[in-house]
Structure formats: structure tokens, C-alpha cells
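Biologist: Please pick one part of this model and take me through it closely, together with whatever lies around it. I am new to this, so explain each term when it first comes up.

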Amino acid sequence: MTASLPASHPETFAEFGLRSNFSFLEGASHPEELAVTAARLGHRRFGLADRNTVAGVVRAHGAARESGLVFHPGARLCFFDDTPDILAYPKTRPGWGRLCRLLTCGNLRAEKGACTLYLQDLLDWGEDLNLVVLPRFDPDLGDPERGNDHEKNLKDLLRQLKGAFAHAVRLALVPAHDGHDRMRLARLARIAQAARVKTIASNDALCHDPGRRADQHVLTAIRNHVPLDRAGRLLSAHGERHLKGAAEMDYLL
């Protein structure tokens, strides 16, 4: 259960930002569909990181093995204290145990079906984990005047995690598909360089195929407790948040 996180390159790209339908009311594809599609797109490996759970990794592992893929099980850590989401992939078997213990801590302090995590939990249990910070899509991040607070907070977080976990920390470069990616991604790359952490490419995918966009909209409406015809701007403005091949990701980033 180890994860070696590759950089964005046509021959080595692998998607580690995948969520399945085990990310309740977020992911729109089964783990098996993600594995089969990853193999069809030419991926050699992939990682599944569902929201505060590892419940889908068994099904993903079986499908990956049948598809000839190397599978990396992980989790997407979503925090209660305004910390950005962080992907956590165990490097060792003890690391897997620590990830499970971390999630158990969050489950025990929350109501059934929820998981309340704080950054301190990760600092306590993050040894032997590869960590990928997912920056929020802050519209000001591409603005040299208004993005300073966001940049400082993100840089401080990266430096804190690097101080605790050294070279196990990375910053994700995720396209927002909003026409401003060139500025935003360039600035994120500079933030990573200033914090002395590496970057990793991800499409932060929620499904295996663009045809699942309609299902994704239904899930979003249910999650927000509104009728679909009143969901409006809660729905994604584009259909790009699906698993992509290496060549397309290299072009986007």
C-alpha cells in the first residue's frame, strides 16, 4: 500500500485526485468504472482518494488488478478548521494504519456518517503518508493585488507540513477550466517553489466519463437540498471534471 506520486508528463502521469461514489453525493462513478477507464486511457496506475473514507479501496483494488493497473489506496482529508483538502496516500503499511487511525479519530468525534477532522489530527498521525494539498479555486489567486492573503495562507500551510513531513508534501496543480488557469497555475507553481515543495498534476476528477455530468448535477442538488431546476450556480459550469488521459492533462497544464 505505497504511493509514489509522479509528476505531470505524457509518459508518467497518473491521476491521484479521483473520487468515487463512496464520496457520498460527490463522486458519480463506481471505483470499478474508474479503474477500467484509467486502463483504457493508457494509465499505468491510479489512486483513489474518497472524502474521509477508504471504503471504496477494496472494489478499486480488484478492478485495478483485473485491468493490469497498479493501484494506490488513499483518502481525501476534508477538515473542519478551514484547512484545504489534502490527499493522503500511505507510503508503508504502518502509514496505512496511521491513516485509518486518523479517520477513526474523526469518526469518533462526529455524528454517525460524518467525520470531523482538524489539521492537528494530520500532524499527529501523518507519518509515512504522502500528502498533496489541493488549493481552493479562489478567484483572487490569479490577481496579483487581491490574491496575497490566500497566497500567504497556502504558503504557510505548505511550510508547516514540510516542517513536519519533509519531502512527503506536494501541491496539486488543478485546472479550474474557467479561462484563467494560466495565471492561477503559474502563481501556484511559484507558491510551491517558495515553500520548497514539489507539484503534482490532477484534474480532481469526480467521474470516469463526461457522460456522467447529468448524474453529477443530480448529486449536487441532493447534497444542497434543492430541486435540480433551482440548483443554478451550485452546478458545475463545465463538464471537465472527469478522468483524462496523460496527453490531455499535459496540454492543460
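Modeller: A residue counts as buried if its relative accessible area is under 20%, as exposed if over 50%, and as partly exposed in between, with a 1.4 Å probe and protein chains only. Helices (H or I, at least four residues) and strands (E, at least two) are DSSP runs, numbered from the N terminus. This is a predicted model, in which local features need pLDDT of at least 70 and side-chain atom pairs count only at pLDDT 80 or more, while totals for chains, interfaces and linings use all residues. Residues are numbered from 1 along each chain as its sequence is written, and side-chain values use heavy atoms, with hydrogens and water left out.

The part I pick is strand β2, which covers residues 70–77. Of its 8 residues, 7 are buried, so the strand is largely enclosed by the rest of the structure. What encloses β2 can be followed piece by piece.

Start with the strands beside it. Two strands pair if DSSP finds at least two bridges between them. Strand β1, made of residues 45–51, is joined to β2 by 7 bridges, and the two run parallel. One place to find this pairing on screen is A49, which stands opposite G74 in β2. Between the two strands, the chain passes through helix α2, residues 57–67, and the β-α-β crossover made in this way is right-handed. Right-handed means that, with the strands pointing away from the viewer, the path from the first strand over the helix to the second runs clockwise.

Helix α2 deserves a stop on the way. Its buried residues are V57, A60, G62, A63 and A64. In an α-helix there are 3.6 residues a turn, so residues three or four places apart point the same way. The buried residues of α2 pack against β2 itself, and also against β1, helix α1 (31–40) and helix α3 (93–108); contact here means heavy atoms within 4.5 Å. After α2 comes G68, which has a positive phi, near 75°.

Now look at the partner of β2 in the other pairing. Strand β3, residues 86–90, pairs with β2 in the antiparallel sense, over 3 bridges. R76 of β2 stands opposite L87 in β3, and L77 stands opposite I86.

Next, step back to the sheet. It is an open sheet of 6 strands in the order β1-β2-β3-β4-β5-β6, with mixed pairing. The edges are held by β1 and β6 (198–201), each with a single partner strand, so one side of each is left without a neighbour in the sheet. From one strand to the next, the twist averages 35°. Helix α6, residues 181–195, packs on the sheet and touches β5 (169–173) and β6, with its direction making about 170° with that of β5. For such angles, axes are lines fitted to C-alpha atoms, for helices over the stretch in contact, and angles run from 0 to 180 degrees between N-to-C directions.

Follow the order past β3 and you reach β4, which spans residues 129–133 and includes N130. With 6% relative accessibility, N130 counts as buried. β4 runs parallel to β5 and is joined to it by 3 bridges. V132 has R170 of β5 as its bridge partner.

β5 makes a useful comparison strand for β2. It is mostly covered, as 5 of its 5 residues are buried. In a regular strand the side chains alternate between the two faces of the sheet. In β5, V169, L171 and L173 point one way, R170 and A172 point the other way, and all are buried.

β5 also pairs with β6, in the parallel sense and over 4 bridges. The bridge partner of L173 in β6 is A201. β5, α6 and β6 form a right-handed β-α-β unit; the crossover from β1 through α2 to β2 is right-handed too. The loop between β5 and α6 contains H177, which has a positive phi of about 55° although it is not a glycine.

To return to β2: it has 7 parallel bridges to β1, 3 antiparallel bridges to β3, and the buried residues of α2 packing against it.
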